[in-house]
Amino acid sequence: ARKGLKFDGWYRFKCKNSMRSQWHSEDIERQVKDMKRELKRRFALRDQVLFSELIVDDTVEAIVETYIPLLFMATRRQIQLEQKELFGDLSITCKNL
């Protein structure tokens, strides 16, 4: 971990400033909640969603902000991510939303 940060669990870094640490955790949880709402809307129409369909803007920041919540949800077994070929699109299916 970088100086001033302490790794806590599988995803959270605690900063020396506990208020900042709380902000990062809450921000990630908000992103997960927003992604869950969007996926529920899309899964109501079909069984599978592609990662590329969720990208709002073709910037690195937008791609990362879309990908991170999906990783959290996959780790929590709420969705399943599958990539059939290297650098191919990710297929997202619902497991337990």
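**Group meeting: a core, a pocket and one lysine**

Hi everyone, let's start with Ile 92. Leaving out residues up to four places away in sequence, Ile 92 touches Leu 39, Phe 43, Asp 47, Gln 48, Val 49, Leu 50, Phe 51, Leu 54, Leu 70, Ile 79, Gln 80 and Leu 81. Please keep in mind that this is a predicted model.

So where does Ile 92 sit? It belongs to the largest nonpolar core, a set of 14 residues, and is listed with Leu 39, Leu 54 and Leu 70 as having the most contacts inside that core. Two or more core residues come from each of α1 (18-43), α2 (51-54) and α3 (60-75). The biggest contributor is α1, with five residues.

Now to the second largest pocket, which has a volume of about 270 Å³. Its lining counts 13 residues, and the closest to the pocket centre are Met 35, Leu 54, Val 56, Glu 65 and Thr 66. You'll recognise Leu 54 from the core. The elements giving two or more residues to this lining are α1 and α3, and α1 supplies the largest share, six residues. What is the lining made of, by class? There are five nonpolar, two polar and six charged residues.

Last stop, Lys 36, which lies in helix α1. Is Lys 36 buried or partly exposed? Its relative accessibility is 25%, so it counts as partly exposed. Setting aside neighbours within four places in sequence, Lys 36 contacts Met 73, Gln 78 and Leu 97. Lys 36 and Met 73 are 37 residues apart along the chain, with 8.1 Å between their C-alpha atoms.

That's my tour, thanks for listening!

Notes: Residues numbered from 1 in each chain as written. Predicted model: local features only at pLDDT ≥ 70, side-chain atom pairs only at ≥ 80, totals over all residues. Heavy atoms only, no water. Core = buried A, V, L, I, M, F, W, Y, C linked by side-chain atoms within 4.5 Å. Buried < 20%, exposed > 50% of the residue type's maximum accessible area, 1.4 Å probe, protein only. Helix = DSSP H or I, 4+ residues; strand = E, 2+ residues; numbered from the N terminus. Contact = heavy atoms within 4.5 Å. 1 Å grid on protein atoms, 1.4 Å probe; cavity = no way out; pocket = protein on both sides within 12 Å on 5 of 7 lines; lining within 4 Å. Points joined across faces, edges and corners; volume = space filled by probe spheres on them. Nonpolar A, V, L, I, M, F, W, Y, C, P; charged D, E, K, R; others polar.
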